[in-house]
Structure formats: structure tokens, C-alpha cells
Amino acid sequence: MTNGQGSNDGRDPSDRSAEVVILGAGPAGLVLGNLLHRAGIDCVVLERADRARLHARARAGFLAEHTVRVLDRHGLADGLHRRGRPHATCEFRTGDGRFRLDYAGLGRGERHTVYPQQHLVADLLTSYLAAGGRLHFATEAHRVLDTDGERPTVEASGPDGRPVRWRARYVAGCDGRHGAARRSLPPGAVVHHHDHGLSWLGLLAEAPPSLDAVGYAVHEHGFAGHMARTPEITRYYLQCDRGTPPEAWSEEHIWRELDLRMRAAEHGPLHRGSIVQRTVVDLECDVVEPLRHGALLLAGDAASLLTPSAAKGANLAVLEAELLAAALVDEIAHGDGRALDGYSGRCLEYIWRAQEFSHWMVRLLHAAPTPHGVPSSFDEGLRRARLAALRTSRAQQDWFAENYVGL
Ligand code: RFL
């Protein structure tokens, strides 16, 4: 039986074991669950939230072509082909004017598909549950024990708050940056961390997109961003001071700042609407190295957190989940552990390239803050030079396009 709170697990409640226990039903955990289940690998997904919460959790929206190819390969892309929209233009607005890049005509000629992450998660859930996949909602993992032993264990609590223990052969940590997998890393794990010292107020407005492009605005008040989500919903970002509470700005103040920073008076008005979600995102990033610790394997945000500056996180999560699924199938079904041994190294190459490009995007859109808050004029000069190179150099535009959509 499946419902929003419980599970579709028909087994005896005392039978808490699976070959692979997957923590987290985000893009990483659900792609992995779908692929393992279809390959006949006994797996279970433990998810802290209930189903309604997952359907409402708006985050990413820009899916790279590689992501669409992965989902297509496994018959998981019907929803995004029906409802997603192709997208291939960015518009930069600065004090020196504006310019547009049609990136489908640059680099490798790839484009994004705009499809809200919560719709993708809903599709992946439907497909997994319809195929008979086991999933426990409202079940929070607390710790993974004995990752170097024969039978690692996940300590969790179920919907009624009672403790549950899951035994596994492998545990896939797909539960994000603050999940149980990260908390269970052994002392030898290294977490490379960088804090840009910058923050964005992330907003969802019940308003149609105001431009037919991703809008990146650089203004003396700070960065502003515009990203389409659906014909009715648009994501905006406003750079804000670190520590700003999400509710600090009134809707009127938000729209005034967006108008000012996006230079609406010069380039056309923004469509206003109610602000239906606010999150403050500190521009921090990290990489866990390695991604395998005995029986514990990390994927998605649990493996590496990226700033939202280049829209890479959900795309990497899907890429890593496909690699992890193939490696686990080779090991469990065919006794060939080579892919699992190579999993961490392979993913880390993609992760560091995505981190490098995201870092470059942050530096394109902001001067580095100094301890006094005001960026140095030297750093401002570098930022302007980066934008000028992107505006004028075809080679730079090709490099940008390849990295912006590619992985
Ligand atoms: P998720 O999606 O966070 O899913 C993790 C799941 O694990 C559950 N969980 C637990 N379950 C059981 N026990 C625990 N202890 C648990 N702790 C957590 C959570 O409830 C959740 O369901 O991780 P995953 O699968 O690794 O996917 C990563 C992506 O969600 C993330 O990288 C992106 O959303 C980042 N991101 C973007 N990525 C893109 O590729 N394109 C974009 O346009 C884009 N826009 C964004 C973004 C992230 C944003 N925020 C919120 C930082 C925009 C924003 C505002």
C-alpha cells in the first residue's frame, strides 16, 4: 500500500533490510532507486519528508541536455518532454548596457530544458512506486553505523517517531548536505569548503517571466537574477547582506529593488505578483573527498554542494546517480567491483569542473567582499573585465556555453 505518510512496503515490519538503503528521495536518490529497482536490485528509499512536501519543494529548474539524455535513456523523461520548455538565452544587464548570449548557437550547441525540480521529483516518485519500489516517507535517518563492516546499519525513526534500524550491504547517502550520510563520515573524510561571503535572497513570484532569457543583473546595490520556471511562476534572486532574515524585506521593497537592479526603466517592466517562497541562500560550496567510505557512497548534494550561480546541483545529482546505479549493479548482480572502486574518482572530475565554473560565475556577477563589506576597486575592475570579455570574445562565449549547459 502507498500513501503520503507511510510506506508501500508489504513486508513484515521487523524485516528491515535491503541490499541498498538509499537515504533521501531527491533527484539523486530517486534516479538511483528507479535504476536499481529496474535492475532487480533489492533497495529501499528512506525519506524524511512526506509526499506532499516533496511535491511542493521548489528548487532547481534548469536541466542540462546531459540530464535529459540520462532520464531519456531510462524512460524517466516523459513529464519533462510534455511540460518542460527549451531554453537557450542569457541576458546580462550592467551599468555599461546589456548583451545577450544565445548559447544554443555557441560551444557544443546545447540548450537547457526548464522543468521545475519538484515536478521531476514527482515524476520519479510516481515511476518508482508504480514499479513496486519500496519507499518510506516521514522516515528520518540519523546515523549510518559500521560502514567498514559486513552489514552496515542505518539508525532511523519512522512516522510515529519510533526508532527503526535498517541493515544493508550498501548505503547510498543522497540526503543532501545536512543529512545523516554527511554526519556519518569517518574521520578520514575530507570536506573541502569555500564560503564566498555572499548571500542571495531566493524568491518565487506568482508572476509570468518578464524576459525570454535568464537575466543576470549587476548593479551597485548588488546582483539580481531572473529565471523562468513555468508560464505562471518566476524565480528571482536579490543579493542581500549575510544574516538577512528571509522576511526582512516587504514585497514592495523586493519589487523596487528588482526593478532598480534589473534596470526595468531602461529595459522594460517586470511582471509583478505575490512572492510565494523566500529562502536566503549563503553562497557556500563544498566537496567531500572521497565519495566512498566502505559501504557508504555519496551522491548529489551529500557529495558536493554548489552555489546556485550556474544551476549545476540537480544536474550533477542525476549524473552521479546514474554512475552509482551502474556501479552497484555491476558489483551486486555481476560481482564486478571495478566500477564501484572508480565511482568516487569519476564523479569528482565532474564535480570539480562544475565547482570551477560555478566559482567563475560568482566572480562574474560579484566582486569579492572584503572584511569591511565594500569590495575593492581592483576586484570591481576584474569583474568588469570578465563581463567585457564575455561580451566581446567569441572564444570566451563558446567556453561559457560549453560550461554553462555542459557537465
Ligand atoms: P535534495 O534534492 O536536497 O534531496 C535530498 C532529500 O533527502 C531528504 N533528507 C533526508 N531523508 C531521510 N533522512 C535524513 N536525515 C534526510 N535529510 C534529508 C530531503 O528531505 C530530500 O528529499 O538532494 P539531491 O537529490 O542531492 O539533489 C540536489 C538538488 O536538489 C540541488 O543540487 C539543486 O536543487 C540545486 N539547485 C539547482 N540545481 C540545478 O541543477 N539547477 C538549478 O536551476 C538550481 N536552482 C538550486 C536552485 C538550489 C537552490 N537552493 C534551495 C539552494 C535554486 C535554489 C534556490
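## A glycine turn, two sheets and a ligand

The hairpin of E13 and E14 has six residues between its strands, and within it Gly222 takes a positive phi near 125 degrees. The structure is a predicted model, in which local features need pLDDT of at least 70 and side-chain atom pairs count only at pLDDT 80 or more, whereas totals for chains, interfaces and linings use all residues. Residues are numbered from 1 along each chain as its sequence is written, and side-chain values use heavy atoms, with hydrogens and water left out.

### Exercise 1: the eight-strand sheet

Determine the order of the strands in the open sheet of eight strands, and state which strands are at its edges.

Solution. Helices (H or I, at least four residues) and strands (E, at least two) are DSSP runs numbered from the N terminus. Two strands pair if DSSP finds at least two bridges between them.

1. The order is E6-E5-E13-E14-E15-E12-E16-E19, and the pairing is mixed.
2. Strand E6 (97-102) and strand E19 (304-305) are the edge strands, each pairing on one side only.

### Exercise 2: strand E14 and its partners

Describe how E14 is joined to E13 and to E15, and establish whether the residues of E14 are buried or exposed.

Solution. Buried means under 20% relative accessible area, exposed over 50%, and partly exposed in between (1.4 Å probe, protein chains only).

1. Strand E13 (residues 214-217) and strand E14 (residues 224-228) run antiparallel and are joined by three bridges. Gly215 has His226 of E14 as its bridge partner.
2. With E15, E14 pairs in the antiparallel sense over five bridges. The bridge partner of Ala224 is Leu238 in E15, and five residues lie between the two strands of this hairpin.
3. Ala224, His226 and Ala228 point one way from E14, while Gly225 and Met227 point the other way; all are buried.
4. Because five of the five residues of E14 are buried, the strand is largely enclosed by the rest of the structure.

### Exercise 3: a histidine in the loop

Locate His219, classify its accessibility, and identify its contact with a backbone nitrogen.

Solution. A polar contact is a pair of N or O atoms within 3.5 Å; within protein, one must be able to donate a hydrogen and the other to accept it, and residues adjacent in sequence count only if both atoms are side-chain atoms.

1. His219 belongs to the loop between E13 and E14.
2. Its relative accessibility is 17%, so His219 counts as buried.
3. A polar atom of the His219 side chain lies 2.9 Å from the backbone nitrogen of His221.

### Exercise 4: the three-strand sheet

Explain why E3 and E4 each have one side without a neighbour in their sheet.

Solution.

1. The open sheet of three strands has the order E3-E7-E4, with antiparallel pairing.
2. Strand E3 (62-63) and strand E4 (85-87) stand at the edges with a single partner strand each, so one side of each lacks a neighbour in the sheet.
3. Two bridges pair E3 with strand E7 (residues 112-114) in the antiparallel sense, and Phe62 stands opposite Val114 in E7.

### Exercise 5: the ligand

Find which residues come nearest to the ligand, which atoms touch its oxygen atoms, and where the ligand lies relative to the domains.

Solution. A residue is near a molecule if one of its heavy atoms lies within 4 Å of it.

1. Of the 33 residues around the ligand, Glu47, Arg59, Gln117, Asp301 and Ala314 come nearest.
2. Helix H9 (313-334) is one of the elements that supply at least two residues of the shell, and H9 gives the most, with four residues.
3. A polar side-chain atom of Glu47 is 2.6 Å from a ligand oxygen atom. For Ala28, a backbone N or O atom lies 2.9 Å from an oxygen atom of the ligand. In Arg57, a side-chain N or O atom is 3.3 Å from a ligand oxygen atom.
4. Taken alone the ligand exposes 1,000 Å², of which the protein buries 93%; accessible areas come from the Shrake-Rupley method with a 1.4 Å probe.
5. Domain 1 (17-61 + 116-189 + 290-357) and domain 2 (89-110 + 197-283 + 375-405) both give residues to the shell, so the ligand lies between them. The domain bounds come from an automatic or database domain assignment.
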